[in-house]
Every structure is written in structure tokens, then in C-alpha cells.
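Here is a walk through a structure, taken one region at a time. Keep the view open and turn it as you read.

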Amino acid sequence: MSRPAGQPAVAGVVVLAAGQGTRMRSSTPKVLHTLGGRSLVGHVLAAAAPLGAGTTVVVVGSGRDQVEAHLAEIAPAAVAVVQEQQLGSGHAAEVALAAVPDLEGPVLVLNGDSPLLTTGTLEALVAAHDAAGSVFTVLTAEVEDPTGLGRIVRDEQGAPRAIVEERDATDEQRAIREVNAGVYVANAGTLRRVLAGLGTSNAQGEQYLTDALAPLVEGGAPTAAVRAEDPDDVLGCNDRRELAERRRTLNDRVLDDLMRAGVTVVDPQTTWVDVTVAVGNDTVLEPGTQLRGTTTIGSGAVVGPDTTLVDCVVDDGASVVRSHCLGAVIGPEATVGPFSYLRPGTRLGRGSKAGAFVETKNAEVGEGSKVPHLSYVGDATIGRGANIGAATVFVNYDGVAKHRTTVGDHARIGSDTMLVAPVTVGDGAYTAAGSVITSDVPPGAIGVARAPQRNVAGWVRRRRPGSPAAEAAAAADGRAEGSGTNAPKNIGADHDS
Ligand code: UD1
Ligand code: CA
């Protein structure tokens, strides 16, 4: 490469994203459809970002408000340039370059709908462009089925001559299996000049970017066409079937990388991992696992089966089984599930537990504390070593505002306790099963807040005569005659299995 070390590979990046994407049949602009945790245009921008271009232009048109809002989020430094009418990819590139008149040097131009492009492929293209001293270099691929794509026409020496769109191709040209990827590196000045001269005499009556090549060749300018190493890289995405295929390919790549790095993926067919996710070695992903967004998983963890984690942190040795978790932080060796729902603001401490049928939100569960069964824990701080009995509800909402509950270290909340916030149960305190706790329980005390039990003797035999219950009661009465009383009851402070 002639480029001095430290120089960016290209001066500018132009992403063409104004097309309507009619074939998606969607009210969402095509480039905003997502796969693997990013939009189509997001993948293209992410692949190009490491090239370090000083200027990035995205051409928007169809659904431009939505696309511009998305760009402001994912690539605030990119300049959105509006192409009022979609007159073709050549026109789109022309509009882009007109918006940055001072841009000089090599420019990378890419279609916005090629989500499998990798940085490596783009770097190889730019390196080949440099090495050939080219003014216009197109990325190509040999594909099994070239249907719908532009064909690369080469001369007897193998030098590129033209790119011919399928609709405009002769039968002979249609047989060519080397296709245009829709990715180009060109000298900015050369590209401006040649685009200004493009006509629209083709089957679609559009100004084709692909028509830039032939006049340059005819004028004797140095050009090149470089094959991508992996033909999958260049695949576009024009309809929902292609979107599903690209999603599968991208997922296969992500899982391959994870497996190479020491992650066990039990069933790659049913495991879906976004490109933005990190997983440590010796972690096992069971079938039906989806890891999305900024999710990060440590080493030696187990996730799944049938678990979705969105923007979660799972620390080393934790396990999350058949659960749905959003924005939760799951500490080392903590266990979740089966069948639990952890919502944003959940933080499970080391070795803690959110067991079966537990929902949590804005809840800190301290080290070693357990919420084993059937509970809602909202807006709560639970200390260390506490046990929350089955069917406890943190009653956080009074219909107007949310309030917080604090449960101290080693507290034991009896089964079916309602903790009516704001309320505090002190360190080492208990609550009796079935209590509705509306005022603080001091450290070491037991809060009992339930109606005393009243037994009405003989009620069943009087009021439900002839029923199986009455018969059973009669038999028991017979046995009880002369045989003492029932064993004493405990207070039912908790339920711990
Ligand atoms: C294009 C190429 C084709 C190539 C294929 C690779 C042209 C004429 N053809 O075909 O050779 O094999 O990509 O996937 O370029 N766009 C605009 N404004 C417009 C028209 C298009 O911004 O007025 C954008 C689209 O949003 C899209 C890109 O340009 O990102 C390509 O347009 P598209 O209609 O998808 O072209 P293809 O038919 O796929
Ligand atoms: Ca396309």
C-alpha cells in the first residue's frame, strides 16, 4: 500500500440509503430493518467505521425523517444528505458528493442494504485500489445465483470493462456469475466528473452508479474490479426472505466466533446472538437462547434453554433458565428461573436467587439472598442472606406513585407477605406468613399483621350435611372421641424448601 502509516484508508464514506425498498412491503424504510442487533445501515456504517474516514455521508430519501432520527442515534457524526427524488444510485452518489465539495482523495461508496460486509473486506478493497493506482475500483463476488444483480464484464485480459444491470444485459452477459457488490472506492474528483456525465438510457430510466465504470475504462483511466474472499459478504437485502437469509448467515458467523472462543452452543439453529453481545469461555448456551443488545456474559455461566436476555450483564458461574430478562445485572453464581421475568434495574448479588415465577424491577437482591418462588419484587433493596417467602409481593404502587421497600440482612419474610411500600423490615427481622406489613418492622422483631384465626366447630356437619366433607368430618369426630387434641401449630414465619 502506498498510504503512509496512520493515514485513514479513505477520506470519505458515502452510504446510499435513499431507496424506497419497495420489495420489503413495509412502512419502515428498508435500511432500518434489523438483524443481529443492528439496522441494515447500522451494519454498513459499523463495517466502514474502522477505516477512519474523516467524512461520512448518508444519502436519505424514502422515510427520511425516520432514517435521520436513527442516524442521529447511531452515527451522530455522519452527515445526512437528502436525495429528494430517487433517480438512481448514480444520482444518489452525485448528491452526496455535492454536499461535501471539499472532499478529496479516495471515497468508499456503499449500498446501504449489505449487512454482511466486513471491515476486512473493505480494507482489502481499499488496499487493492491503492496497489493498482486505480481511480475507480469495484468490489465483486462470484455467486451461484446472480439473478437480479449487476454483472461484471471483463475483457480478454481479465480487466474490468463495464457493469451491466441484469435488465440491460444480453443473454451472454446474464451467464456471468461475477456480480457487482454495490461497493466502490473511487477518487472523489474523478467520481464527481464521471457522475455528472451519466445518462439514464437504461431499462429503469435511472442514473446508475454502475455506469461510471465503462466511460472511465474507455478514457484509459486505471480501474480495477476486486473479488471478495467470502461471497456472502456482498449479499444485499431486498425483501423479507433475503432479510431472513442474511440474519441466519450473520448469526452463524457470530456463533462460529463464540464457539472458537470457547463458548458451548448446544443448538446453533435455535440460538440467536446479536453482533453486540460478548460471552466468556466455558459458558453454555442451551437451545432456544436469544442474547440481544449490550448483553455481556461471563465465564462458566449457563443460559437457557428458552431464555431471552436483552441488555443484561450475567457474571461468571451464574445460571439463567427459561427466563426473560431486560436490563438486569445477574451477579456471579446467582441463579435465575425457571420461568422468571427480570426487568430493568434488577441487580442480583453474588450467589443470590430469583427462582421460579419471580418478577423483579428496580430491585437489588443482596449477596446470597433468595427469592425462591412466585414473588413480585419491585422498587426494593434486599440486604444479604435474606429469604423472601413464596408469594411475597412488594406492593410498590399506590395508584399514583411508586415507593421503595427495604429488607435488611438475614431478614426472613414469611410466605404470602404483602410489603406495602414505603416500608422497612430491619436486619434479622421476620414477618409472619400472610401478613400485610404497612409499618416498619424493627431489627430482630417479627411483624405479625393478619386477622387472628377463628374456628367455628361443627360448621360443616351443620351447613353441608350429606357432603363428602361432612362425612369425613363425622368419621374424624368418631375417631377423635376420647383421643386428645390436635398438635400445636407453628406461627408460619416462612416457607423455605
Ligand atoms: C445495485 C446495483 C447492482 C448491484 C446490487 C448489489 C445499481 C444500478 N445496481 O442493484 O449492480 O449488483 O446493487 O446489491 O446501483 N439508492 C439511493 N437512491 C436511489 C436509488 C438507490 O440512495 O435513487 C440506494 C438504495 O437505497 C440502495 C442502493 O442505492 O442502498 C442500491 O439500490 P438498489 O435499488 O437496492 O439497487 P439494486 O437493484 O440492489
Ligand atoms: Ca439492493
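What follows goes from the metal site to the cores, then on to the charged pairs, the surface and a few backbone oddities.

Before anything else, bear in mind that this is a predicted model. A good place to start is the calcium ion, ligand 2. Its protein donors are D113, through OD, and N238, through OD1, and they lie 2.4 to 2.7 Å from the ion. These two come from distant parts of the chain, 125 residues apart. D113 sits in the loop between β6 (106-111) and α4 (119-132), while N238 belongs to the loop between β11 (223-227) and α8 (240-260). Both donors are buried.

Now for the nonpolar interior. The largest nonpolar core has 45 residues, and the ones with the most contacts inside it are L291, L309, I330, I382 and V407. Several elements feed this core: α8, β28, β30 (376-382) and β36 (423-425) each supply at least two residues. Another core lies apart from it, with 35 residues, among them A48, V60, L117 and V179. If you want to look around one of the well-connected residues, pick L309. Leaving out residues up to four places away in sequence, L309 touches Q290, L291, R292, T295, I297, V303, V314, V320 and C325.

On to the charged pairs. The structure holds 16 salt bridges, and three of them are worth a stop here. In one, the side chains of E178 and R154 meet at 2.7 Å, N to O. E178 lies in strand β10 (residues 178-187) and R154 in strand β8 (residues 151-154), so this pair ties together parts that are 24 residues apart in sequence. How covered are the partners? E178 counts as buried, at 4% relative accessibility, whereas R154 is partly exposed at 25%.

Another bridge joins sequence neighbours: the side chains of R246 and E245 meet at 3.6 Å, N to O. Here R246 is the buried partner, with 6% relative accessibility, and E245 is partly exposed, with a relative accessible area of 41%.

The last of these stops is the pair E359 and R343, with a distance of 2.6 Å, N to O. E359 lies in strand β28 and R343 in the loop between β25 (341-342) and β26 (347-348), so the pair ties together parts 16 residues apart in sequence. E359 is partly exposed at 26% relative accessibility, and R343 is partly exposed too, at 22%. Turning back to E178 and R154, they also belong to a network: salt bridges that share partners join E142, R154, E178 and R227.

What does the surface offer on the nonpolar side? F339, F357 and L374 form a patch there, with about 330 Å² of accessible area together. Of these, F357 is found in the loop between β27 (353-356) and β28 (359-365). L374 turns up again as a contact of T392, which also touches S375, Y376, I413, G414, D416, T417 and L419, not counting residues up to four places away in sequence. T392 itself is in the loop between β31 (387-388) and β32 (393-395). Is T392 buried or exposed? It is buried, with a relative accessible area of 0%.

The backbone has a few details to check as well. Which peptide bonds are cis? One runs from G304 to P305, with omega near 5°, and P305 is in the loop between β18 (302-303) and β19 (307-310). Another runs from A421 to P422, with omega near 0°, and P422 is in the loop between β35 (418-420) and β36.

Then there are residues with a positive phi that are not glycines. R322 has a phi of about 45° and sits in the loop between β21 (319-320) and β22 (324-326). N362 has a phi of about 40°, but its place is in strand β28. Both are partly exposed: R322 has a relative accessible area of 34%, and N362 comes in at 33%.

To finish, get a sense of span. The C-alpha atoms of A433 and R192 are separated by 78 Å, with their positions 241 residues apart along the chain. A433 lies in the loop between β37 (430-431) and β38 (436-437), where A433 counts as buried because its relative accessible area of 19% is under the 20% cut-off.

Conventions. Residues are numbered from 1 along each chain as its sequence is written. Chains are lettered from A and ligands numbered from 1 in the order in which they are written. This is a predicted model: local features need pLDDT of at least 70, side-chain atom pairs count only at pLDDT 80 or more; totals for chains, interfaces and linings use all residues. Side-chain values use heavy atoms; hydrogens and water are left out. Donors are N, O and S atoms within 2.8 Å of the metal (3.2 Å for Na, K and Ca); water is not among the atoms, so sites may look incomplete. Helices (H or I, at least four residues) and strands (E, at least two) are DSSP runs, numbered from the N terminus. Buried means under 20% relative accessible area, exposed over 50%, partly exposed in between (1.4 Å probe, protein chains only). Patches are made of residues with over 30% relative accessible area and no salt bridge: like charges are joined within 9 Å, nonpolar side chains (Val, Leu, Ile, Met, Phe, Trp, Tyr) within 5 Å. Accessible areas come from the Shrake-Rupley method with a 1.4 Å probe; for residues, only the protein chains shown count as cover. A salt bridge is a side-chain nitrogen of Lys or Arg within 4 Å of a carboxyl oxygen of Asp or Glu. A nonpolar core is a set of buried Ala, Val, Leu, Ile, Met, Phe, Trp, Tyr and Cys residues joined through side-chain atoms within 4.5 Å. Contact means heavy atoms within 4.5 Å.
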